[in-house]
Structure formats: structure tokens, C-alpha cells
Amino acid sequence: MSDFDAIVVGIGSMGSSTLYHLAQRRKKVLGIEQFGIPHELGSYHGESRIIRLAYYEDPSYVPLLKRAYELWFLLQNQVKAELLCITGSLDIDRIDGSVFKGSLTSCLTHNIVHEVLDAKEISSRFPGYELPSDYYGLYQPDGGFLFPEKCVEAYKNMAIMMGADVKVNERVKSWKSERGKVIVTTDKDVYRADKIVFTSGAWTQNLLSDTSEILNVERQVVGWFTPENDNVFKPELFPVFNAKFEEGRYYGFPITGTPGFKVGRYHHLGQIVDPDFEKSEITVEDELILRSAVSNYFPKANGDVISLKSCMFTNTSDEHFILDRVPGYGNVFLAAGFSGHGFKFSSVVGEIMADLVTYGKTKHDINMFRVDRF
Ligand SMILES: Cc1cc2nc3c(=O)[nH]c(=O)nc-3n(C[C@H](O)[C@H](O)[C@H](O)COP(=O)(O)OP(=O)(O)OC[C@H]3O[C@@H](n4cnc5c(N)ncnc54)[C@H](O)[C@@H]3O)c2cc1C
């Protein structure tokens with residue numbers, strides 16, 4: 001049986017970065033992924049993930065976001081490929097709404113450059129947007145989007161270059177902790193390590209049964225719509241957005257890759273699913289939910305649908321992450337419950353998990369991500 005310093009279970013968003021940061025510290029590390037890398041069956045596919053500093057969810061995320069940006073730029077330089085596209089970001093809401101107020105609070109608390117624009121100013125600067133007159137946008141110039149499949153591959157490739165071992169198309173079936181070691185059994189082999197990190201996304205409950213009480217897996221759908229005029233939806237003229245509309249909380253992207261305006265609604269239809277069976281049919285309702293925001297606020301993109309794809313959120317009840325040791329074990333760690341807003345953090349989450357594995361602690365403030373809060 002091969003012996004490792006650490007095994008990382010699940011080489012997706014968080015696992016690829018954790019593997020990289022451990023390999024960089026010269027750890028003998030093994031990553032195990034049940035599918036290929038990248039793949040379209042988890043939580044990171046779909047060509048784009050928003051990154052933004054103006055964090056309406058909670059200002060305490062901002063220091064982590066600043067470090068996440070640094071690490072993304074570093075990775076981009078290392079692999080000499082575009083991983084990040086800066087477009088600016090707009091957080092759109094009524095002036096007293098939680099998205100607008102939360103975003104403004106983050107900017108004021110952390111001295112982040114921003115502008116407040118009314119609906120008219122937004123349309124004249126960014127003509128793809130056509131918002132009702134009582135809506136405002138907090139514009140933050142550092143916002144943009146990551147290319148998630150490329151990011152995951154880049155971290156995985158760099159980790160391998162630094163000595164990490166990666167097994168793909170191999171599923172972890174069970175694990176146990178015995179006399180200070182962990183033994184991991186897959187559908188192909190058995191491995192032993194001093195420590196283990198679970199970055200298994202929507203499948204975490206299968207491997208850590210206690211988490212089934214605190215995590216739920218939710219189906220999402222994003223759509224790409226044909227604009228009447230591509231130019232206004234190009235990255236130069238269309239900042240990424242988060243918007244709280246009457247119809248729900250939506251997010252969207254300029255055209256990149258798939259030729260269309262990409263839009264999604266948080267918690268889409270609220271459907272809890274089993275990750276092993278989540279390649280459900282896309283329905284007319286899926287399209288209508290997305291089209292309602294497109295037709296009302298982005299009418300220049302209200303053409304035929306080009307593509308609709310499903311994906312999964314793994315939610316905690318407070319929508320904050322879990323970054324911690326697994327209770328009852330000194331050598332078992334967990335990064336999970338990213339609740340639909342985790343990808344942008346994956347660069348820094350990998351650093352945090354590698355800190356926990358290496359030193360048992362991290363300089364980052366992760367107090368709000370403790371598992372015992374539930
Ligand atoms: C539609 C959609 C839009 C989103 N938009 C944004 C956004 O704009 N910005 C943002 O920051 N975040 C966004 N998110 C959230 C973000 O993508 C997720 O929070 C993040 O990808 C979760 O990462 P993860 O590592 O937990 O899961 P994943 O990236 O899915 O990785 C888990 C990996 O573990 C593997 N695995 C699981 N079990 C096993 C096993 N037993 N053996 C081996 N391998 C295993 C899986 O195959 C998978 O590859 C979005 C999510 C969705 C679905």
C-alpha cells in the first residue's frame with residue numbers, strides 16, 4: 001500500500017487548489033477524482049464564475065477575496081493562460097434592498113473603490129442593461145469572471161508538475177482512521193496517508209454521513225440567450241452582475257465561449273437532488289424562469305436559447321462555508337457547503353486547507369466557517 005502525507009478526495013474547485021498548495025509545500029500528496037478533470041457533473045462547469053470584491057453576502061469575506069485575487073493572478077502568471085477576465089461588477093437592487101446595502105457596506109468597511117449608478121446611468125454606460133427607474137447598481141471595477149474549467153485544470157497540472165499524484169476515474173468508496181493514519185478504499189485500490197482532506201462537493205454526505213444533517217444539494221440551471229446585437233454583451237461593455245429583481249436573485253455574464261448572454265437564478269426552482277442522479281431533463285419551466293429576467297431587464301438578449309445546463313449547489317442553512325477539521329478526528333479536514341458562491345474563493349480555500357494540514361491552523365480568519373456552528 002502506498003503511503004502519502006495527505007490525500008485529497010475530489011479534484012474539483014477546492015480539491016485542485018488544495019492539491020496545488022500541498023504540493024507546493026513539498027508534501028507527498030495524492031488527489032483522487034471520480035470523473036475526469038475537468039468534467040460537467042459537479043459544481044464548476046459552465047465556462048464562467050463571477051469574482052467580485054463588493055461582497056453583499058458579508059463584509060468579512062473581503063480579506064479572503066483580496067487574497068483569492070492575488071492567488072488567481074499568480075496562477076495565471078504561472079500557467080501563462082487567461083484564467084480571469086475583468087469586466088467590473090454591478091450589484092443591482094432597490095436602494096434599501098439587501099444586495100445593494102450589503103455590497104455598499106462591504107465597500108465602505110474595506111475601502112473598496114466603487115460608484116453608485118442609477119438605472120439611467122447604468123443603461124447609458126452599459127446598454128445591455130434596461131432597469132426600472134427605482135433600481136440602482138453598485139459598480140466595482142475589479143469584478144469579473146473566472147474560467148472555472150481552465151482554473152481547475154491549471155491547479156491540477158501545476159500540482160502534478162510539483163510532484164502530486166492524481167488518480168482520475170477512480171471513486172473513493174470508504175475511509176477509516178486507524179492508529180493515526182487514514183486508509184482510503186476506492187473502486188480500484190487502497191491508499192494510506194497521515195491526513196485526509198474532503199473536497200468532495202455535492203457528494204460529501206456519502207463519505208461523511210454526519211454532514212447529511214447540514215448540507216443539501218440543489219439543482220441549478222443556467223441559460224445562454226441569443227442577443228439581437230452581440231456588441232452590447234461583449235466583456236468590454238457588459239459588467240458581470242448580481243441583481244435582486246421581483247422575480248428573484250439573478251446573476252449574469254457577458255458573452256464568452258458559448259455565443260450568448262449567460263444568466264442564472266440563485267436557488268433556481270429549489271429542487272433538492274441526489275448528485276448521482278442529477279442529470280435531469282431540462283424543462284420549459286427552467287427556460288421560462290431565466291427568460292423572465294432576460295425579457296424584463298435585458299431585452300436586447302431575448303432571442304432563442306442557445307444552451308441550458310444544469311449544475312449543483314451544496315448549501316448550508318446560513319449559506320456560509322465549512323472549512324474545518326471533522327469533529328472527533330485530528331487528521332481529517334473538510335471544505336464543503338459553498339452554497340452557490342464558492343468558486344471565486346477556491347484559490348484561497350486551497351491555501352487554507354494546506355495550512356490546516358501542514359500547521360493545524362491558518363493565518364486567515366476562518367472562525368465563521370466552523371462546523372460546530374450548526
Ligand atoms: C450554476 C452555478 C453557478 C455558480 N456561479 C458561481 C459564481 O458565479 N461565482 C462563484 O464564486 N461561485 C459560483 N458557483 C458556486 C461554485 O461553483 C461552487 O461553490 C464550487 O464549484 C464548489 O466547489 P467544490 O470543490 O465544493 O465542488 P466541485 O467543484 O464539484 O468538486 C467536487 C469534486 O469531488 C469529486 N468527488 C466527489 N465525491 C468523490 C468520491 N467519492 N471520489 C472521488 N471524487 C469525488 C467530484 O467528482 C468533483 O469533481 C456556482 C455554482 C453553480 C452550480
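This passage describes the domains, the ligand shell, the helix packing and two backbone details of a predicted model.

We may begin with the overall layout. The protein chain is assigned two domains, each assembled from separate stretches of sequence: domain 1 takes in 3-45 + 149-214 + 318-373, and domain 2 takes in 88-145 + 216-315. Over C-alpha atoms, the centres of domain 1 and domain 2 are separated by 30 Å. Where the two meet, 13 residues of domain 1 are in contact with 8 residues of domain 2. On the domain 1 side, the touching residues comprise 8 polar, 4 nonpolar and 1 charged.

The ligand is a natural next stop. Its shell holds 36 residues, and the closest of these are Gly10, Gly12, Gly42, Gly201 and Gly342. Nonpolar and polar residues number 16 each in this shell, and 4 charged residues are also found there. Among the secondary-structure elements, helix α1 and the strands β3 (49-51), β13 (216-225) and β17 (305-315) each contribute at least two residues to the shell. Because domain 1 and domain 2 both give residues to the shell, the ligand lies between them.

Helix packing comes next, and helix α8 is a good place to start. Two packed helices are described by the angle between their axes and by the distance between those axes. For helix α1 (residues 13-24) and helix α8 (residues 346-359), the axes come within 7 Å and cross at roughly 50°. The two helices are therefore oblique to each other, and their crossing is right-handed. From α1, the contact draws on Ser13, Met14, Ser17, Thr18, Tyr20, His21 and Leu22. Facing them in α8 are Ser346, Ser347, Val349, Gly350, Glu351, Met353, Ala354 and Val357. By class, this contact of α1 with α8 has 7 nonpolar, 7 polar and 1 charged residues.

Helix α8 also packs against helix α2 (residues 62-79), with the axes 7 Å apart and an angle of about 100° between them. That angle makes α2 roughly perpendicular to α8. Here α2 offers Leu64, Arg67, Ala68, Leu71, Trp72 and Leu75, which meet Ser347, Val348 and Glu351 of α8. The contact of α2 with α8 has 6 nonpolar, 1 polar and 2 charged residues. Ser347 and Glu351 of α8 thus appear in the contact with α1 and again in the contact with α2.

Helix α2 has a further partner in helix α5 (residues 148-161). The axes of α2 and α5 come within 11 Å and cross at roughly 65°, and this crossing is left-handed. Leu75, Gln78 and Val79 of α2 meet Ala154, Tyr155 and Met158 of α5. These residues divide into 5 nonpolar and 1 polar, with no charged residue in the contact. Leu75 of α2 takes part here as well as in the contact with α8.

Two backbone details round off the picture. Most residues other than glycine have a negative phi, and most peptide bonds are trans. Against that background, the peptide bond from Ile37 to Pro38 is cis, with omega near 0°. Pro38 is placed in the loop between β2 (29-32) and β3. The second detail concerns Asn111, which is not a glycine yet has a positive phi of about 55°. Asn111 likewise sits in a loop, the one between α3 (98-109) and β6 (115-118).

Terms used: Residues numbered from 1 in each chain as written. Predicted model: local features only at pLDDT ≥ 70, side-chain atom pairs only at ≥ 80, totals over all residues. Domains from an automatic or database assignment. Contact = placed C-beta atoms within 7 Å. Nonpolar A, V, L, I, M, F, W, Y, C, P; charged D, E, K, R; others polar. Axes fitted to C-alpha atoms, helices over the stretch in contact; angles between N-to-C directions. Helix = DSSP H or I, 4+ residues; strand = E, 2+ residues; numbered from the N terminus. Parallel < 35°, antiparallel > 145°, perpendicular 65-115°, else oblique. Left-handed = near helix turned anticlockwise from the far one by under 90°. Near = placed C-beta within 6 Å.
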